[in-house]
Structures are given as structure tokens and as C-alpha cells.
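This note is addressed to a colleague who has asked for comments on a single-chain model. The points are numbered for ease of reply.

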Amino acid sequence: MSKLMQAFIKKTQVDRGSKGAEGSSMPQRLPERRRPEVRTGKQKDQPKRKEVEHGKRAGKAAPMRASPSAKQSSRGHGALRRSVLDKDEDHDEAKNRRKRFTLPKKGLEVTLPLTITVDGLAKLLGVQNSHLMRKMANIGMDKLANDYLLTNEEAAEIALEYEVVPIIPDSTGPELYPRKIPEDMSVHPLRPPVVTIMGHVDHGKTTLLDTLRNSSITAGEAGGITQHIGAFSVQLKSGQAITFLDTPGHAAFSAMRARGANATDIVVLVVAADDGVMPQTKEAIQHALDADVPIIVAINKCDKHGVDPSRIKDELLKYGIQTEDLGGDIQAVEISALKGTGVEELSESIVTLAEILDLRAEVDIPAQGTVIESQIERGRGNVASVLIKRGTLKVGDIIVAGTAWCKVRSMADDRGNSVKEAGPASAVEIMGWKEIPKAGDMVLQAENEGQAKSVVDSRVEKRKNKDKLAAVAAMNVQRRETHERDVNERFDERALRKAVWEYHNGLRDSYPEPPAPKAAHSKDGGKAAADAAAGTQL
């Protein structure tokens with residue numbers, strides 16, 4: 001073999017050895033086999049995570065460690081990117097918030113019904129309920145809910161917070177009002193005083209009236225006790241007239257007695273000398289003082305043996321009645337209604353006090369008065385006793401009292417005599433009422449039947465609205481209580497669940513006892529009461 005051939009073989013062996021050494025030191029890396037990914041139900045909803053775990057991607061070697069400067073640079077770029085993304089998210093959230101809380105246009109006119117729920121008002125204004133509730137809390141309305149009923153005045157106050165114009169429909173309607181009292185009453189004629197006889201039962205009120213008008217009405221009454229408020233006109237020997245109102249002495253008729261005191265000029269307080277101040281006597285005193293009416297004390301039954309009228313005066317002093325004998329300005333007259341002793345002196349005291357009061361009234365204006373009593377009489381229909389206070393009432397006139405109106409068909413005085421007209425301080429029975437008026441209602445004269453009917457219809461509507469508002473108030477109270485009970489029940493339920501969990505996890509020694517059952521309550525929050533206002537709420 002030649003030298004050239006030997007050199008070629010040797011070089012070939014060297015090259016093969018070097019390649020074998022390189023293969024043994026750096027073996028070729030096979031690609032990793034990816035394991036199948038198993039997803040659970042919760043993982044399906046989560047986004048895929050990027051496989052960035054230090055070069056474990058298939059077929060790639062681990063990346064080299066970056067230098068500190070390069071690492072800081074990458075962190076800076078990442079923080080910048082995150083800040084930009086956060087700003088974009090905040091911008092989108094603020095944009096959505098502005099879109100979500102769209103406010104009504106300023107100056108928008110909104111018509112409000114009589115009552116409306118919080119949810120209905122939110123829809124009417126075009127705002128969210130939560131936003132409206134915050135507005136309500138800002139103006140002092142708390143403990144409210146979506147089903148809470150608001151009156152139109154409350155809804156208007158809330159609407160003004162949104163700078164809209166609330167419109168409440170005018171529900172006043174036609175109405176009658178008494179005329180203003182003239183400043184100078186001296187040009188008008190004097191009128192008789194209206195006197196109310198008040199006091200305890202069986203202290204002699206009816207007997208005193210019987211003596212004053214010289215006619216017996218006691219025999220025609222059940223048990224000698226007055227059954228209704230009566231009005232009588234008495235002509236004295238001096239020619240002057242006095243109109244008396246006789247109020248019942250029963251405690252059950254205290255409201256009727258209060259109306260009598262408010263319609264009178266002078267109160268005659270009858271107190272029996274042998275009985276003293278009784279509970280109904282105290283009530284009568286309080287009614288007279290509340291009405292700011294002058295009082296004359298008539299100490300009755302002074303003809304009985306052993307009575308002491310001065311004791312009655314001392315006893316009345318405890319209740320604010322200071323007679324002239326004790327340094328006050330209240331007259332006290334000792335009488336005997338049964339025998340007529342002192343009755344004339346009592347009449348003179350009434351006339352004297354009336355002159356001091358200078359009682360006058362207009363006679364050339366539409367009639368104005370007060371209903372004393374009303375009832376249905378067989379053969380006569382609806383009848384009402386009316387005390388005329390101002391003006392003159394004639395047969396054929398149209399009058400309105402409360403929610404009742406009347407075309408005067410006939411009038412009669414206390415003796416049953418038919419009269420054609422009645423002036424100030426006259427008490428007459430009026431027939432022709434379409435409905436029965438209530439005692440204490442103001443009587444006003446209308447121009448015609450059309451005006452009277454429209455006024456009555458308007459008053460009926462106002463009364464219905466008032467009843468609806470009262471039902472709304474009661475309904476809101478019930479619904480608020482229902483919401484509070486529901487919150488307490490949910491709180492108790494959560495507390496019980498927590499206690500059961502603690503027991504099963506060994507944190508409690510004994511099983512918790514459930515809370516005591518509470519009284520059943522309506523979940524509708526007063527749905528039955530809501531029917532009364534269903535026609536006016538949204």
C-alpha cells in the first residue's frame with residue numbers, strides 16, 4: 001500500500017472518531033409527548049392559560065436567563081401595558097355608568113297622579129330605582145321600598161331633585177265660602193244672642209228651658225232626658241229675644257255638645273247645688289273654654305234645704321271658673337228651675353252680657369248657618385234644624401251643608417209654626433234635603449241647583465281622595481313592617497345555617513335550635529288596602 005493511501009485511511013478514521021465523540025457528548029433531544037388535557041366543569045368557564053412555564057413548550061429548549069437590564073426593561077413594558085389596559089377598562093366602566101344612570105331632561109313636565117309607588121315614579125322619571133332611592137334618602141325619606149306609596153306632594157318633592165317640573169292636576173273644583181266679616185259692624189242691626197245650656201245629666205237643664213219658654217217639653221221626652229240637640233227661640237217680657245241651644249247631658253253625646261258650644265255666643269253652665277261638679281260638668285267647662293265663649297253659672301236647686309251655693313263656687317274655682325264673688329268676671333246666679341226662682345235674673349244677666357258683646361249681623365246677604373241636628377221623620381222626609389248666623393234664608397233658596405244640598409221646601413220654628421224667612425240667630429227646621437246633613441256642618445247658600453250639585457260632587461271627590469290618602473298611610477306602615485320582618489327572618493335563617501355548618505365541622509358541641517316561629521303576616525304588604533287607591537297609582 002502506498003503512503004498516499006495510508007494517509008487517506010488514517011484521516012477517515014479520525015473524522016469518524018470525532019463525530020462519535022460529538023454524538024456522545026450532545027445527544028439529540030426527542031420532542032416531549034403532550035399529555036391530553038382533562039377539563040372539569042369549572043375549568044370550562046375559565047379562559048385558557050398560556051403555556052409560558054420556562055421553556056416547557058413542545059420541541060423547544062429552555063430560554064436563556066435574561067440579563068438584569070433586559071429583565072427590568074420587560075417589566076417596565078408589562079407595567080405600562082397593564083396601566084393602559086386598566087385605563088381602558090375604567091373608561092368603559094365610567095361610560096357604562098353614565099349610560100346606566102341617564103337623568104331626565106331638565107325642565108321636563110311630569111304629571112303626577114294622586115298616589116304613585118316608588119317603582120312607578122322611577123319609571124315615570126326614567127331613572128333606576130336605586131338612584132331614586134338615594135335621592136329620597138338625601139331629602140330625609142328613609143325606610144322605603146319599591147312598593148312604597150307616595151302622595152303626589154311627596155312625588156313632586158322628589159321630582160324637583162331631578163330639576164323637572166311636577167304637575168299636580170287641580171282637584172279643588174267649585175266651592176262655596178263664607179263671606180268676609182265687615183270691619184265696621186256698627187252699621188248692621190243687633191241680633192239676639194245664641195245661648196247654650198250645658199251641664200251634667202239631671203241637673204235641671206230641660207226644666208230651665210221649660211220655665212224660660214213657658215211650655216212643657218219634658219213630658220214628651222223619654223225619661224225626661226233630652227235626646228238630641230234642640231234650638232229654641234224665647235221672647236222675654238222686655239221684648240228681647242234669646243235663642244237657646246239645649247245639648248244632651250250624656251257622656252256619649254260629648255261631640256254633639258262640643259258642636260253646640262262652637263255655635264254659641266254665651267254658655268249657661270247649670271250646676272246642681274246638692275250635687276256639685278260632676279264629670280260631665282267638667283267636660284262642659286272644657287268645651288266652653290276651648291271655644292273661648294263667655295260663661296254664666298246657674299246654680300240650680302237652691303230651694304232645697306241645707307244646700308250651700310258658695311261651696312259650688314269654691315269647687316268651680318278648681319277648674320278655672322272664677323265667679324264675681326271670688327274676684328273674677330264670671331256671673332253666678334242662684335236659681336230654682338222648678339219653682340222659677342231667679343230665672344228672670346238669669347235672663348237679665350244674659351241680656352246684659354249680650355249688650356256688652358254688641359252682637360250684630362248682616363241681613364241682606366246670602367244665608368249662612370250651622371246644622372244643629374238632622375234626622376228622618378215619617379211623612380216629612382229628611383229634616384235638619386239649622387241655626388241661621390248671618391243673612392236671611394227664604395223658602396225656595398238653595399243651600400249646601402257638607403255633602404248634602406237642599407232646595408228649601410218649607411221651614412218651621414220651634415213651636416211648629418210655618419215661616420217664610422229666617423234671619424240671624426233664628427233656629428228653624430228645614431225640609432227638602434236630598435241627603436241628610438251632619439250636625440255641625442256649615443250651611444251656605446248657593447246661587448242655583450247646578451252650583452249646589454257641582455259643589456257637592458267636588459266635596460265628595462275630595463272626601464274620597466282623603467280616604468285614599470289615609471289608606472295609603474296605613475298601607476305604607478304595613479308594608480314597612482312586612483319588609484322589616486322579612487329582613488329579620490332572612491338574618492335568622494343565615495345565622496341558623498352558619499350554626500349548623502359549625503356543628504358539622506366540630507366547632508359546636510350541640511346542634512343549634514331553630515328560631516321560634518313568628519306570627520303569620522301578609523306578604524302582600526296591605527294589598528287589600530291598596531285596592532282603595534288602585535285607580536290612582538301606577
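The comments below begin with the chain as a whole and then turn to individual elements and residues.

1. Nature of the model and overall content. The model is predicted, and the comments should be read accordingly. The chain holds 13 helices and 19 strands. Of its 538 residues, 36% are buried.

2. Contacts and surface. Taking the contacts between residues at least 6 apart in sequence, 71% join residues at least 24 apart. The accessible surface of the chain is about 33,700 Å². Carbon and sulfur atoms account for 52% of that surface.

3. Strand β9 and its burial. In β9, 6 of the 6 residues are buried. The side chains divide into two sets: I295, V297 and I299 point one way, while I296, A298 and N300 point the other way. Such a division is expected, because side chains in a regular strand alternate between the two faces of the sheet. Both sets in β9 are buried, and N300 is among the residues concerned.

4. Neighbours of β9. Strand β8 (residues 266-272) runs parallel to β9 and is joined to it by 6 bridges. Within this pairing, V267 stands opposite I295. Strand β10 (residues 331-334) also runs parallel to β9, with 4 bridges between them. Here V297 of β9 stands opposite A332 of β10.

5. Crossovers around β9. From β9 the chain passes through helix α10 (residues 309-317) to β10, in a right-handed β-α-β crossover. A right-handed β-α-β unit is likewise formed by β8, α9 and β9. β9 therefore takes part in both of these units, as the second strand of one and the starting strand of the other.

6. Positive phi at D292. This residue is not a glycine, yet its phi is positive, at about 55°. D292 lies in the loop between α9 (279-290) and β9 (295-300). Is D292 buried or exposed? With a relative accessible area of 69%, D292 is exposed.

7. Positive phi at A425. A second residue other than glycine with a positive phi is A425, where the angle is near 65°. A425 is placed in the loop between β17 (421-422) and β18 (426-433). With a relative accessible area of 5%, A425 is buried, whereas D292 is exposed.

8. Helix α11. Does the span of this helix match or depart from the expected value? Helix α11 (residues 343-357) has 15 residues, which at 1.5 Å a residue should span 21 Å. The end C-alpha atoms are 21 Å apart, so the span agrees with the expectation. The buried residues of α11 are V343, L346, S347, S349, I350, V351, L353 and A354. After the helix comes D358, which has a positive phi near 50°.

9. Helix α12. This helix covers residues 449-504 and has 56 residues. From its first C-alpha to its last, α12 reaches 82 Å, close to the 82 Å expected at 1.5 Å a residue. The N-terminal end of α12 is capped by N448, a side-chain oxygen of which lies 3.2 Å from the backbone nitrogen of G450. After α12 comes G506, with a positive phi near 75°.

10. Points to retain. For the reply, two items deserve attention: the buried strand β9 with its parallel partners β8 and β10, and the positive phi values at D292 and A425.

Notes: Residues numbered from 1 in each chain as written. Predicted model: local features only at pLDDT ≥ 70, side-chain atom pairs only at ≥ 80, totals over all residues. Heavy atoms only, no water. Buried < 20%, exposed > 50% of the residue type's maximum accessible area, 1.4 Å probe, protein only. Expected span 1.5 Å × (residues − 1). Polar contact = N/O pair within 3.5 Å; in protein donor to acceptor, adjacent residues only side chain to side chain. Contact = heavy atoms within 4.5 Å. Areas by Shrake-Rupley, 256 points an atom, 1.4 Å probe, with all protein chains shown as cover. Pairing = 2+ DSSP bridges. Right-handed = clockwise from strand over helix to strand, strands pointing away.
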